[in-house]
Amino acid sequence: MPEIPYDHRQIELKWHERWKDAELYRADPHSAAPKYYVVEMLPYPSGRLHMGHVRNYSIGDALARYMWMRGYNVQHPMGWDAFGLPAENAAIERGRHPREWTLSNIAAMKGQMHRMGFAYDWRLEISSCEPEYYRWNQWFFLKMLERGLAYRKQALLNWCPECGTVLANEQVVDGCCWRHETTRVELRALEQWFWKITDYAEELLRDIDEKLEGKWPERVLSMQRNWIGRSEGSEIDFRLESFSDRIRVFTTRVDTIFGATAVILAPEHPLARKLLDEKGRARAKQMIDARAQKGPGDIEKEGVFTGHHAVNPYSGEKLPVWIGNFVLMDYGTGAIMAVPAHDERDFDFCKTHGLPIVPVIRPVDGELDVNPKAAFVADGIVERSGEYSGLESAEARRLMNERAGRDGFGKAAVTYRIKDWGISRQRYWGTPIPVIHCPKCGVVPVPEKDLPVVLPDDVKFTGKGRSPLAEVDSFMNVKCPKCGGDARRESDTMDTFVDSSWYFYRYCDPRNSTAPFDSAKVKKWFPIDQYIGGVTHAILHLIYSRFFTKVMRDLGLVENDEPVANLFTQGMVLGADGTAMSKSKGNTVDPEDMVDKYGADTCRLFVLFAAPPEKDMPWNEASVGGQRRFLERVWRFVTRNLDRDAGAGDSSADRRVLRKLHQTIRKVTEDFNNRWHFNTSIAALMELINELYDDEKMLSRGALDQILPALVLLLGPFAPYLAEELWERLGRKGPVFRQPWPTYDPELAKEDAAEVVLQVNGKVRGHIAVRFGAPQAELEKLALADPKTQPFLAGRQVVKVIVVPDKLVNIVVR
RNA sequence: GCCCGGGUGGCGAAACCGGCAGACGCAAAGGACUUAAAAUCCUUUUCCCGGCAACGGGAGUGCGGGUUCAAGUCCCGCCCCGGGCACCA
């Protein structure tokens, strides 16, 4: 019988066509089956899928298909994070309109996703650049405004010269833009819109422990904890000698306050202007400018004495007030007390500026070091601190906070590192911020009934200057909704992270034209059972969407406190050079080439087999062939045994192969249920096919009839095209992923006998086959009598025999 | 500096609860088939020592200690790599 060749092109084309219109992957709103909502992070439509996408979506797709087979009602959507700078840059560089460029990219990538065989319910597709979508961004903006969660302020902001826009703190990496890793951000004073994520700092932190612990990767949780940066301490007012103003400082170490030798203000501090003379102000300005240019970290500690003094409320001591370039205006109160003996930074500063160093904390089991060479920063016993002397640090802090409250000069206080989310962007391709600036009424929100504020199409892209929208008179000129007078629209657009903060809710009701979604529909699916994406979004997207969910909950739109019950972060795809694949490094591989050459199934298998999904995946082009060979072996085995008249066969071969089959079902099922280590699932399937080849000639028809369909079903989540084609050739009806997942019989999976390892003094000396459950005494006897162990026992005394039933006997001799 | 990961053959990896280290795959070498090549199939492949040989012995999971009958796995102290945070008071 001639072999039928495995022609991936023909097979994939055939099923591609059949799947296209079949609407196979619909979630059923009326199903009684338990729901399972799986979402992969939506891509930016750059025009081509890259390997990172393929990896992300192959993991999610395998899971979705598996859960269908397990009988769940699965919702598995896909969409487009369609606003963003590259579209605008394409417009500047190539004269293509961002909309047209974006839409053609979406069409291309959607085609690639179809080719990959990803099982999405495309009826739920959303695209954030459509007015039907972004009008709800605007609606949320208005709600934030109503609730006092949106505000406008002038601030020093991170400006990326490459992007031509400001960035949120989360979008600055090592002082550089997150999209342009070599472009330093500059600080610019601008007026822009902020969202009060800080109002939710405490809850965002608490729910990490209460709701996410154990369900999100520890790495992501620790990054978020870090980012929120909760810090407990005290706020203490220092009275100025020469003015009525007080300087409020934040400190975590009020127990060291008797060691304070100065009070230091940030150069931007409002009091700095007042205290400094002309010359001092010029120095302060220099410090501010230097910081704007250099970026943090590589700045020498500089300072200026203001000539004024403040009074330590505990000791009554007079402390000089300085300006210091290392004091940050936007953390704490913008002012600190300097305790050089117990803080490294203060130590540095005071050393260089000749300020005294006064130690007041001694180690619990040591002496007070009166002439320290470095700061002693640990807690200890408070000394030289009046009534607090002799107390432990923690107790001193407690009592000192009490005293501050009682006497009205301070209190216990909590400070967070996280700052409000700056959402204004001086770019075109984003959601217009729905406010109007009226010369008479000031900032006026666009009335809800006038939403959406639609992006105009006729915009000039010069790549220079400010928001492109500001140049479009037909957009900008508007009547004030309040007084009817001439007014101007806001010309900034929203950060695109707004779009992705709630898109997975919109999937549940994507065409709703009266609300962002119907809460009942969302309630059916939320929280997301499994969210899958790159770890790069650990603190960007993933903290913004947690914030958004909490706001939506407080608006009464959703009932869940968190959007994502379980998070999985897959590792990066590394290039051949061992660093992350990226266009700028030129080490990318286009998945399309691989799909052309080897087929989508091989490509999917390849990304799943190369490494466990949470680990970074090294690139090794050569091993693709191995995956292809495996699929061909499956193909050949199934096709040539479809209706081979195998007869009664050899019952021992049947038993061997069926045992392997059931062991494989067990292995693959466990991998899906526990760790998603699909590399080992696929390895198990390879072992099965190896075993089948070994025993092929001896198998009975009956055994083949059990094995072939099970093998095809097991392959379904990983290689859907091949599975579907073979399923049809087996004469079966219906799509593979709608078949019940094969179950294993523990009895059939069991080996005939336990292989027990024989050790002498921990070294392997032999093996014996014993029936399962053989009593310990019997195993011990067999081990002592075994010819393999005998030579190592001769002339020695048996001290002890360790028996692990069905596994191992270790004879300890002396 | 602090907080997470991680370090196992030539390479990617496996060993999930302390019980045979290296499953599975890649690459390499040898062989079968072939006029030949490709494809396919079979064999070998951690290192060292002994043996013509099936085989036998020893060492071995970044380094040094420890616990244990038994350690890649647990504990202590280091080194290296990746990631995050970092004048955050």
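# Briefing: protein chain A with RNA strand B

Helix α20 gives six residues to the surface near RNA strand B, the largest share of any element. Near here means that a heavy atom of the residue lies within 4 Å of the strand. Helices (H or I, at least four residues) and strands (E, at least two) are DSSP runs, numbered from the N terminus. This is a predicted model, in which local features need pLDDT of at least 70, side-chain atom pairs count only at pLDDT 80 or more, and totals for chains, interfaces and linings use all residues. Residues are numbered from 1 along each chain as its sequence is written, chains are lettered from A and ligands numbered from 1 in the order in which they are written, and side-chain values use heavy atoms, with hydrogens and water left out.

**Chain A as a whole**

- Chain A contains 25 helices and 31 strands.
- Taken along the principal axes, the box filled by the C-alpha atoms of chain A is roughly 105 × 85 × 50 Å.
- Chain A has 814 residues, and 54% of them count as buried. Buried means under 20% relative accessible area, exposed means over 50%, and partly exposed is in between (1.4 Å probe, protein chains only).
- About 35400 Å² of chain A is exposed, and carbon and sulfur atoms supply 50% of that area. Accessible areas come from the Shrake-Rupley method with a 1.4 Å probe; for residues, only the protein chains shown count as cover.
- Among contacts in chain A between residues at least 6 apart in sequence, 72% join residues at least 24 apart. Contact means heavy atoms within 4.5 Å.
- There are 110 positive and 114 negative side chains in chain A, and the centres of the two sets are 0 Å apart. Lys and Arg count as positive and Asp and Glu as negative, while His and the chain ends are not counted. The place of a charge is taken as NZ of Lys, CZ of Arg, CG of Asp or CD of Glu.

**The surroundings of RNA strand B**

- There are 55 residues around RNA strand B, and those that come nearest are Thr252, Arg345, Arg417, Arg633 and Lys667. Of the atoms of RNA strand B that come within 4 Å of the protein, 62% belong to sugar and phosphate.
- Threonine 251 has a polar side-chain atom 3.3 Å from a sugar or linking oxygen of RNA strand B. For threonine 252, a polar backbone atom is 2.3 Å from a sugar or linking oxygen of the strand.
- An N or O atom in the side chain of lysine 301 is 2.4 Å from a base oxygen of RNA strand B.
- The elements that give two or more residues to the surface near RNA strand B include α7 (218-228), β11 (246-251), α18 (624-640) and α20 (678-695).

**Residues and a helix in the interior**

- Arginine 397 lies in helix α11 (residues 393-407). With a relative accessible area of 18%, arginine 397 is buried. Leaving aside neighbours within four places in sequence, arginine 397 is in contact with Thr252, Arg253, Val254, Asp255 and Asp379.
- Valine 220 is part of helix α7, and valine 220 is buried, with a relative accessible area of 0%. Not counting residues up to four places away in sequence, valine 220 touches Val535, Ala538, Leu542, Leu567 and Thr569.
- Valine 220 and isoleucine 543 are 323 residues apart in sequence, and their C-alpha atoms are 10.0 Å apart in space.
- In helix α17 (residues 600-609), nine of the 10 residues are buried, so the helix is largely enclosed by the rest of the structure. Among these buried residues are Asp601, Arg604 and Phe606.

**Backbone features in loops**

- Leucine 451 and proline 452 are joined by a cis peptide bond, with omega about -5°. Proline 452 is in the loop between β22 (442-445) and α12 (473-476).
- Another cis peptide bond runs from phenylalanine 526 to proline 527, with omega near -5°. The loop that holds proline 527 is between α14 (519-525) and β26 (530-534).
- Tryptophan 676 is not a glycine, yet its phi is positive, near 60°. Tryptophan 676 is found in the loop between α19 (651-673) and α20, and tryptophan 676 is buried, with a relative accessible area of 7%.
- Aspartate 806 also has a positive phi, about 65°, although it is not a glycine. Aspartate 806 is in the loop between β30 and β31, and aspartate 806 is partly exposed, with a relative accessible area of 27%.

Technical notes:
A polar contact is a pair of N or O atoms within 3.5 Å; within protein, one must be able to donate a hydrogen and the other to accept it, and residues adjacent in sequence count only if both atoms are side-chain atoms.
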